[in-house]
Amino acid sequence: MFTPKQRQLMLKVVLFHVLSTPFILSGQIQHVVLDAGHGGKDPGAVAFNTQEKDVALSVTLKVGKLIEKHLSTVEVSYTRETDKFVELFQRAKIANSKEADFFISIHANAASNESARGTETFVLGLHRNDANLEVVRRENAVISLEGGYEQEYVDITSPEAQILLELHQQNYLDQSIQLASLVEKRFFNHAGLKSRGVKQAGFLVLYKTSMPSVLIELGFLTHREECVFLASETGQNILAESIFFAFRDFVEKNASDNNERAIDHNTKKENERMDNTTSIGSSTTYKVQLFATGKELPDNHAVYSIFNSITIETIGSLSRVLTESTPSKTEAIGWIGQAKAAGYEDAFLVTYLNGIRQ
């Protein structure tokens with residue numbers, strides 16, 4: 001595709017770009033670019049009257065709104081906010097031009113095997129097995145819709161590309177894996193979904209970015225039950241929450257000691273004011289969500305030895321397991337500590353206004 005001289009020149013230019021681009025070792029995350037996969041003339045995977053581009057856009061926008069609401073120090077940008085076609089190299093270009101601290105690309109999966117299900121999160125690397133390669137082929141195939149794409153992409157299997165992959169990994173791999181691991185953990189613990197784990201593969205959209213980056217596959221549209229979940233408003237909200245919680249955890253873990261935690265300041269002040277207040281006769285109540293599961297909770301489950309009263313919120317095939325309700329935020333916060341001490345590390349506070357979960 002390229003002459004030896006062109007390949008050598010291109011390698012020098014990209015090597016200079018990679019080696020001269022600053023990257024995060026630690027500190028506060030200030031800017032994230034969210035990338036909704038596919039769009040416009042590129043529907044992505046299609047199954048059961050559901051298009052990947054629609055699911056990806058909806059979840060991406062929901063993640064962005066959660067970050068904007070709860071992480072006030074983090075700026076959010078998007079590669080697309082509507083149903084439009086954006087070339088892979090342009091997506092990376094947007095992130096690079098904004099000097100983003102992180103790039104998150106959101107997709108939905110597909111497979112010829114209709115029983116395949118579960119989430120998986122990718123970081124840039126070599127696709128060492130056929131399953132990863134199949135995902136890469138499908139996601140990278142969009143470049144055939146791009147005019148003049150030969151000038152924008154290198155052969156990711158070439159020796160030059162392998163060198164660049166190694167350099168990219170030296171700069172960004174640790175942080176990319178950190179977030180990817182948190183995302184998969186949240187998908188399993190918060191959403192109750194099957195996690196297929198963190199994987200490495202050669203996605204072009206990640207290859208062109210100059211910051212830590214991950215590509216998230218939300219689940220398989222080709223699995224009938226999972227497709228129903230992915231296409232539903234409830235399912236998309238749960239997926240967005242999972243990604244947000246993972247990103248929030250990542251931001252807090254990487255924040256330096258002399259920086260404020262990246263949370264909404266007004267919400268924090270209000271929470272501090274209410275910590276020791278019991279709301280008598282108030283319409284605001286609290287529960288603690290302990291975990292979510294896709295299975296029916298047996299009467300002899302271990303959770304009943306920790307809390308006498310448990311409530312279940314059923315959403316489709318997903319069950320959220322929570323404590324009883326209390327008007328006292330102080331009491332609910334105490335339950336969080338009790339839950340974590342018992343091994344439910346992802347327990348979190350849930351607020352209800354007039355009985356409606358907020």
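This passage describes one strand with its neighbours, then the aromatic contacts, in a predicted model.

Strand S6 spans residues 119-124. The strand is mostly covered, with six of its six residues buried. In a regular strand the side chains alternate between the two faces of the sheet. In S6, Thr119, Thr121 and Val123 point one way. Glu120, Phe122 and Leu124 point the other way. Residues of both sets are buried.

S6 pairs with strand S7, which covers residues 195-201. The two strands run parallel and are joined by five bridges. Within this pairing, Phe122 of S6 stands opposite Lys199 of S7. S6 also pairs with strand S8, residues 213-220. Here the sense is antiparallel, and three bridges make the connection. Glu120 of S6 stands opposite Glu217 of S8. Phe122 and Glu120 are thus placed opposite residues of S7 and S8, respectively.

Aromatic contacts were then examined. A search of the whole structure finds four aromatic pairs. One of them joins Phe102 and Phe250, with ring centres 5.2 Å apart. Their planes stand at 80 degrees, and an angle over 60 counts as edge-to-face, so this pair is edge-to-face. The pair links distant parts of the chain. Phe102 belongs to strand S5 (residues 102-109), whereas Phe250 belongs to helix H8 (residues 233-254). The two residues are 148 residues apart. Phe102 has a relative accessible area of 0%; buried means under 20%, so Phe102 is buried. Phe250 also counts as buried, because its relative accessibility is 0%.

A further aromatic pair is formed by Phe245 and Phe348. The distance is 5.2 Å centre to centre, and the angle between the planes is 50 degrees. This pair is tilted. Phe245 lies in helix H8, while Phe348 lies in strand S12 (residues 348-353). The pair therefore ties together parts that are 103 residues apart in sequence. Both Phe245 and Phe348 are buried. Phe244 joins them in a cluster: ring pairs link Phe244, Phe245 and Phe348.

Contacts between charges and rings were also found. The charged end of Lys41 sits over the ring of Phe85. The distance to the ring centre is 4.7 Å. Lys287 lies over the face of Tyr352, at 5.0 Å from the centre of that ring.

Conventions:
Residues numbered from 1 in each chain as written. Predicted model: local features only at pLDDT ≥ 70, side-chain atom pairs only at ≥ 80, totals over all residues. Heavy atoms only, no water. Buried < 20%, exposed > 50% of the residue type's maximum accessible area, 1.4 Å probe, protein only. Helix = DSSP H or I, 4+ residues; strand = E, 2+ residues; numbered from the N terminus. Pairing = 2+ DSSP bridges. Phe/Tyr/Trp six-rings, centres within 6.5 Å; stacked < 30°, edge-to-face > 60°. Lys NZ or Arg CZ within 6 Å of the ring centre and 35° of its normal.
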